[in-house]
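Please find below a colleague's note on the model under review, set out as numbered points. The structure is shown first, and the comments follow.

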Amino acid sequence: MKALILVGGFGTRLHPLTLNFPKPLVDFANKPIVLHQIEALKEVGVTEVILAINYQPEVMISFLKDFEDKLGIKIRCSQETEPLGTAGPLALARDKLVDGSGEPFFVLNCDVISEYPFAELIQFHKSHGGEATIMVTKVDEPSKYGVVVMDEDSGRRVDRFVEKPEVFVGNKINAGIYLLNPSVLDRIELRPTSMEKEVFPKIASDKLLYAMVLPGFWMDIGQPEDYITGQRLYLDSLRKKASTKLAAGPHIVGNVLIHENAVIGEGCIIGPDVVIGPECVIESGVTLSRCTVMRGVLIKEQACVSSSIIGWHSRIGQRAQIENTTIGEGAHVFDKVHINGGVVLPHEEIKSSILSPG
Ligand code: GDD
Ligand code: MG
């Protein structure tokens with residue numbers, strides 16, 4: 001089977017992290033987001049992944065070449081010269097997706113994290129005889145997403161698909177994970193066009209669109225607060241499935257993932273819901289909760305970080321306090337500085353406190 005991952009888009013809502021890396025390569029639980037997806041696809045027998053790309057292609061290609069061999073899966077790029085939206089890239093990759101086998105193929109948004117229940121999706125798709133299956137999940141704030149209204153009788157056929165509705169139509173939303181028959185490609189023109197606004201509504205009105213409720217957790221991690229929530233859900237799920245991967249000890253609170261190459265000083269309090277990447281140095285007396293510390297970060301003595309993402313190779317000074325903040329690659333926060341809310345650009349130096357979001 002084949003899969004296409006939509007890795008275009010500029011990832012602006014995940015700035016400043018996406019100023020240096022394309023969104024799919026941003027680490028999540030110490031692994032680029034897109035690798036979580038590729039590994040799960042491989043598990044259900046996908047042999048070839050096509051990355052639909054329009055932004056920083058060189059970075060993606062050189063990075064993923066390494067993983068082709070490691071994972072034993074073919075990874076190809078389909079590169080747009082102008083952004084084609086969420087459907088146009090499928091038309092562009094048509095020849096790469098269709099191989100005459102008539103088998104359905106997967107399509108994924110690159111920023112969604114879950115347990116990827118692809119085997120269940122394949123089974124469901126085979127059971128209904130429609131043209132396309134989308135996975136749906138329940139959320140509290142459906143207006144940020146594509147809302148899927150199911151037919152009441154069947155409970156699984158989609159009646160209506162409304163992208164980012166302004167008025168409430170339902171709380172089951174498109175999880176950005178699809179299994180599509182090759183015939184769906186006949187509905188898509190090679191131009192900038194949207195799966196959600198143009199293609200799905202038409203398949204739904206032909207009564208050929210089905211939806212399966214995704215078991216387990218789900219999150220679109222394309223915004224910092226959602227990224228942190230997604231990390232909490234992911235660590236919860238890891239606790240249930242592979243708890244030995246989580247850190248243990250008197251200094252650990254709740255679910256914490258620490259890379260084996262990270263160094264942790266004396267008297268730290270770490271957790272809940274913390275991920276620490278490789279080559280990080282966390283000096284003594286540091287307190288970390290609900291945060292991500294990416295590769296190569298130095299956090300000096302007695303600093304305190306909560307509800308924040310600390311980008312690659314940044315330095316956080318002694319007794320600094322960081323809350324509700326996203327810090328770009330290689331930034332430097334000086335000793336005793338307090339930041340509450342906002343974004344620190346890559347390589348920026350912060351010498352005095354910032355107490356209102358900015
Ligand atoms: N190749 C390519 N070209 N990819 C693109 C382009 C483009 O022009 N524009 C967006 N993408 C990719 C993004 O990288 C992402 O993987 C996916 O398409 C969806 O774009 P987002 O910008 O993340 O959309 P969203 O989060 O607002 O909404 C989408 O995801 C929700 C679930 O997270 C929609 O599919 C909603 O219906 C859905 O509920
Ligand atoms: Mg998104």
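1. Val 274 has a relative accessibility of 0% and is therefore classed as buried, the cut-off for that class being under 20%. This residue belongs to strand 17. Its C-alpha atom lies 9.1 Å from that of Ile 228, and the two residues are separated by 46 positions in sequence. As the model is a predicted one, this value and those that follow are to be read as computed from predicted coordinates.

2. The cis peptide bond deserves a remark. It runs from Gly 271 to Pro 272, and its omega is near 0 degrees. Pro 272 is placed in the loop that links strand 16 (269–270) to strand 17 (274–276); strand 17 is also the element that holds Val 274. Most peptide bonds are trans, so a cis bond merits a check by eye.

3. Which residues surround ligand 1 most closely? Of the 28 residues around the ligand, the closest are Gly 8, Glu 80, Glu 163, Glu 196 and Asp 220. By class, the shell consists of twelve nonpolar, eight polar and eight charged residues.

4. Three polar contacts to oxygen atoms of ligand 1 may be listed. A polar side-chain atom of Glu 163 is found at 2.6 Å from a ligand oxygen. The backbone supplies the other two: an N or O atom of Gly 85 at 2.8 Å from an oxygen of the ligand, and a polar backbone atom of Cys 110, likewise at 2.8 Å from a ligand oxygen. On its own, ligand 1 has 740 Å² of accessible area, and the protein covers 91% of it.

5. Where does ligand 1 sit among the pockets? The space that ligand 1 takes is the second largest pocket. Strand 4 (48–53), strand 11 (172–180) and strand 13 (218–220) are the elements that give two or more residues to the surrounding shell.

6. Lys 164 should be examined for its backbone geometry. Its phi is near 40 degrees, which is positive although the residue is not glycine. Lys 164 is located in the loop between strand 10 (158–163) and strand 11. With a relative accessible area of 43%, Lys 164 is partly exposed, because this value falls between the 20% and 50% limits.

7. A second positive phi occurs at His 313, where the angle is near 60 degrees, again in a residue other than glycine. His 313 lies in the loop between strand 21 (304–310) and strand 22 (315–316). Its relative accessibility of 41% makes it partly exposed. Most residues other than glycine have a negative phi, so positive values are worth noting in a review.

8. Leu 4 and Leu 14 may be taken together. Leu 4 is part of strand 1 (residues 2–6) and, at 0% relative accessibility, is buried. The C-alpha atoms of Leu 4 and Cys 110 are 9.7 Å apart, with their positions 106 residues apart in sequence; Cys 110 also makes a backbone contact with ligand 1. Leu 14 lies in the loop between strand 1 and helix 1 (17–20), and its relative accessible area of 0% places it in the buried class as well. Leu 14 and Thr 326 are 312 residues apart in sequence, yet 8.8 Å apart in space from C-alpha to C-alpha.

9. Is Ser 284 buried or exposed? Neither term applies: at a relative accessible area of 25%, Ser 284 is partly exposed, because the buried class requires under 20% and the exposed class over 50%. Ser 284 occupies the loop between strand 18 (281–282) and strand 19 (287–293). Its C-alpha atom is separated by 5.1 Å from that of Glu 301, a residue 17 positions away along the chain.

Technical notes
Residues are numbered from 1 along each chain as its sequence is written. Chains are lettered from A and ligands numbered from 1 in the order in which they are written. This is a predicted model: local features need pLDDT of at least 70, side-chain atom pairs count only at pLDDT 80 or more; totals for chains, interfaces and linings use all residues. Side-chain values use heavy atoms; hydrogens and water are left out. A residue is near a molecule or strand if one of its heavy atoms lies within 4 Å of it. A polar contact is a pair of N or O atoms within 3.5 Å; within protein, one must be able to donate a hydrogen and the other to accept it, and residues adjacent in sequence count only if both atoms are side-chain atoms. Accessible areas come from the Shrake-Rupley method with a 1.4 Å probe; for residues, only the protein chains shown count as cover. On a 1 Å grid over the protein atoms alone, a cavity is a set of points where a 1.4 Å probe fits but cannot get out, and a pocket is an open set with protein on both sides within 12 Å along at least five of seven lines; lining residues have an atom within 4 Å of a point. A molecule sits in a cavity or pocket if more than half of its atoms lie within 2 Å of its grid points. Helices (H or I, at least four residues) and strands (E, at least two) are DSSP runs, numbered from the N terminus. Ala, Val, Leu, Ile, Met, Phe, Trp, Tyr, Cys and Pro count as nonpolar, Asp, Glu, Lys and Arg as charged, and the others, Gly among them, as polar. Buried means under 20% relative accessible area, exposed over 50%, partly exposed in between (1.4 Å probe, protein chains only).
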